[in-house]
Amino acid sequence: MGKINSATVQRVLDAANIVDVVSDFVVLKRRGANLVGLCPFHNDRSPSFYVSKAKNLCKCFACGEGGSPVNFVMKHEQMTFHEAIRYLGKKYNIEVEEREMTEEERRAETRRESLMAVNEFAMKYFEKYLTDSDEGRDVGGSYFRYRGLSEATIKQFHLGFAPEGKDTFYREAVRRGYSDDYLVATGLVSRTDDGRVYDRFRGRVIYPIFSLSGKPVAFGGRTLKKEKTLAKYVNSPESEIYSKRRELYGLFQAKGAIVKAEKVYLVEGYMDVLSMAQAGICNVVASSGTALTIEQVRLIHRFTKRVTLIYDSDAAGIKASIRGIDLLLREGLDIKVLLLPEGEDPDSFAQSHPSSEVEAYIAANEQDFVTFIANLRLRDARNDPATRADAITHIVRTIALIPDEIRRSVYIQECARLLGQDEGVLRRAVGRYFNEYAQAEREERQRQAAAAERQAGATATPAPAQQPPRGDEPPEFIPDEAFLPDPPSAPADPAKEAEAQAEAARQLHARTMRPAETELMRFVVRYANYLFATWADEDNNVYPLSVIDYVSEDLAADDVTLSNPDLALLFEAAREVASDPSYAEHLQAETERLQAERDESIRRGIEAIRAEATDIGQIKSREMKLTEEADAAMQRGIDDFQTNYVGRQLCSAVDDTVRHLATELLAERYQLSKVHTKYAAIPTERDLLRELVPRALLALKDAIIKEELRKTTDEMKQCGGDPDKVRAIFARISELQNQRRELGKLLGDRVVAPMR
């Protein structure tokens, strides 16, 4: 695999639409000009993940993650930049042109990509062996037919069969050039202590497990033999690309149906998913026979809040449903439970009933979790007061897990009605347990923070002896220093003192300079190529001036550079993008497209006007107004392209620092409501740039002078009372203060001419 050339990268970035990309993983709903959803990068209970189609950006205002389409894919799928480009290229049917890598670049390719490639090969190998070999058709194919699976279902879920030979798959993989290390790391083969290698899944039917993006990350294999010494199911081990706690079988195939139905059915095994999907109930996923985990619950929550747990009516199924209910409730999901008829599981029930009957049974028999638990817990209590009290306590503790106060209150009322208990008593009990859970969560967070602090302290410079106690350690008694004798003086370490002074200076510098430099760079990133002012040369020739040109020339005139390295890097990247010759080509192409839209709009408008109006004067007036509106729309499109071009490029930059900073500076959570602009034109930030950009430059220069004043004042402490030095320092301080006063006068003035 080679490196992707820059032209291909640009084509992919131009085609990638943030709404399309994010919608593959997150359910989005419109909110004003943006779309919002639950953040896929943290435990989000209320939508805080905003997607801006206009800026082609996403941003979580709780955890801070987000960015351009390529940055989102990199973060969500744990891909490198070039892996994300390939993913987006495939999504938008763009041929990704690559050049041959050097040996150094080949060594730098990620291990994760190699593991994914091995699994992709294995999946296709098992699929082909199922359909093209006698053993696969006779053994694996017969089993799937016996279980009632159609060819379409087998293909949709990429089911396969692994040959019976001890190392048949391994030898074929090695012959095709796949590394032993990667085959072992993915768990496709195992190596004994004496170095012998054998296939993990030999003689088993294969169920691939996919990531949300559709890549095979693991496999499940079921033996068809009756030997008691053989495990019925064998699964891929944990690896760098697979964690069973974070995956749900069938979610890749089901996510569209889940969003459409706004509901998911949660079952236990592979065949449960396959049979229900074949019966037409496609919004179904499985925890693959393991206990439901918090990571899986949060994965579900990204697509829907409504969950129905479908289990066998045996004791194991009932216990599993109770464990799952507690986890789902903690995450604020709406839960129902369905127990199937005696002797049935989702697989057999879906196979023996048409889809209409399955759906009808679910609708008629799924129960609210309170009703389900109440019936379950009180079934054996009968007239035993102690058992009944224990059952009610368990129900109350379960309700206390619900994070939303209103929903808790509703369930308390329902519980009181079902159990015949006083609502006030139940409400107080729920409140007590809710507070206990909240306190336990706080203590756990404190323990985690303390552990992180101890771990950081183990590698950092030892802290001073007197420091605030951590939450999980007893406070150390520190006597009042006023009553202690002075400690014996120790020789000062000049190096440590110099380092401490330098660190203090860096912190002061950051507090003074960072805000001003960040604000200036915000204008640069957002409006770099926007033509907002004019400039006249010595011969009075007037030229349009972009924001980044104005900022660059102003800083150069005063010999000012950005002092924060990351912001300086971002500024240089913005200048490089803005000055790239391809920008003019893109602008020309966009202008031509907008011109064509304008012409077509005018043509259609004129046809409509002449079909409706009869008076010549009215026709001319309406046509003139139509032309003015079309010209204005075209100019807005050009302005928008100039405004957004550099920012979009920076948000998809290869450099992590540039990409993250640009995303942070471009993100906007709120926009002015249409109510405010319905009856009056409200100036936007872009309208006010001719005032705001010069003001930001002046604010930066003021911060520079302020920093210089601080340094000069510090010099006063080091001059040792030398009169000449003192006079020189006072003169310098006076000069700097005068400069600040002059800047203060300019901060309110308009300093550039607006575009005409």
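A search of the whole structure, which is a predicted model, finds 3 cavities of 30 Å³ or more. The second largest cavity has a volume of about 50 Å³. Its lining is made up of Met276, Ile310, Leu338, Leu340, Pro346, Phe349, Ala350, Val358 and Ile362. By class, these comprise 9 nonpolar residues, with no polar and no charged residues in the lining of the second largest cavity. Helix H15 (346–352) and helix H16 (355–365) each supply at least two residues of that lining. The greatest contribution comes from H15, with 3 residues.

**The sheet**

An open sheet of 5 strands follows the order E2-E3-E4-E5-E6, and its pairing is antiparallel. Strand E2 (29–31) and strand E6 (66–67) stand at the edges with a single partner strand each, so one side of each is left without a neighbour in the sheet. In general, the strands of a sheet pair through backbone hydrogen bonds, in either a parallel or an antiparallel manner.

Three of the antiparallel pairings are set out below, each with one pair of facing residues.

| Strands joined | Bridges | One facing pair |
|---|---|---|
| E2 and E3 | 3 bridges | Lys29 and Val36 |
| E3 and E4 | 3 bridges | Leu35 and Val51 |
| E4 and E5 | 4 bridges | Val51 and Cys58 |

E2 and E3 form a hairpin with 2 residues between them, and Gly32 in the turn has a positive phi of about 65°. Strand E3 (residues 34–37) is covered on both faces: Asn34 and Val36 are buried on one side, and Leu35 and Gly37 are buried on the other. Val36 is the residue of E3 that serves as bridge partner of Lys29, while Leu35 stands opposite Val51 in E4. Val51 in turn has Cys58 as its bridge partner in E5. Strand E4 covers residues 49–52 and strand E5 residues 57–60.

**Cysteines without disulfides**

How many disulfides does the structure hold? The number is 0. A disulfide is a covalent bond between the sulfur atoms of two cysteines, and the cut-off applied here is a sulfur pair within 2.5 Å. For Cys39, the closest cysteine sulfur is that of Cys60, at 3.6 Å, which is too far for a bond. The sulfur of Cys63 likewise has its closest cysteine sulfur in Cys60, at 3.6 Å, and this too is too far for a bond. Cys39 counts as buried, at 2% relative accessibility, whereas Cys63 is partly exposed, with a relative accessible area of 34%.

**Helix H6**

Helix H6 (residues 111–132) has 22 residues. From its first C-alpha to its last it reaches 31 Å, close to the 32 Å expected at 1.5 Å a residue. Which residues of H6 are buried? They are Glu113, Leu115, Met116, Val118, Asn119, Phe121, Ala122, Met123, Tyr125, Phe126, Tyr129 and Leu130. An α-helix has 3.6 residues a turn, so residues three or four places apart point the same way.

**Arg397 in helix H18**

Arg397 lies in helix H18 (residues 385–399). Its relative accessible area is 31%, and Arg397 is therefore partly exposed. Arg397 and Asp326 are 71 residues apart in sequence, and their C-alpha atoms are 9.5 Å apart in space.

Note on methods:
Residues are numbered from 1 along each chain as its sequence is written. This is a predicted model: local features need pLDDT of at least 70, side-chain atom pairs count only at pLDDT 80 or more; totals for chains, interfaces and linings use all residues. Side-chain values use heavy atoms; hydrogens and water are left out. Buried means under 20% relative accessible area, exposed over 50%, partly exposed in between (1.4 Å probe, protein chains only). Two strands pair if DSSP finds at least two bridges between them. The expected span of a helix is 1.5 Å times one less than its number of residues. On a 1 Å grid over the protein atoms alone, a cavity is a set of points where a 1.4 Å probe fits but cannot get out, and a pocket is an open set with protein on both sides within 12 Å along at least five of seven lines; lining residues have an atom within 4 Å of a point. Grid points are joined across faces, edges and corners, and a volume is the space filled by probe spheres set on the points. Ala, Val, Leu, Ile, Met, Phe, Trp, Tyr, Cys and Pro count as nonpolar, Asp, Glu, Lys and Arg as charged, and the others, Gly among them, as polar.
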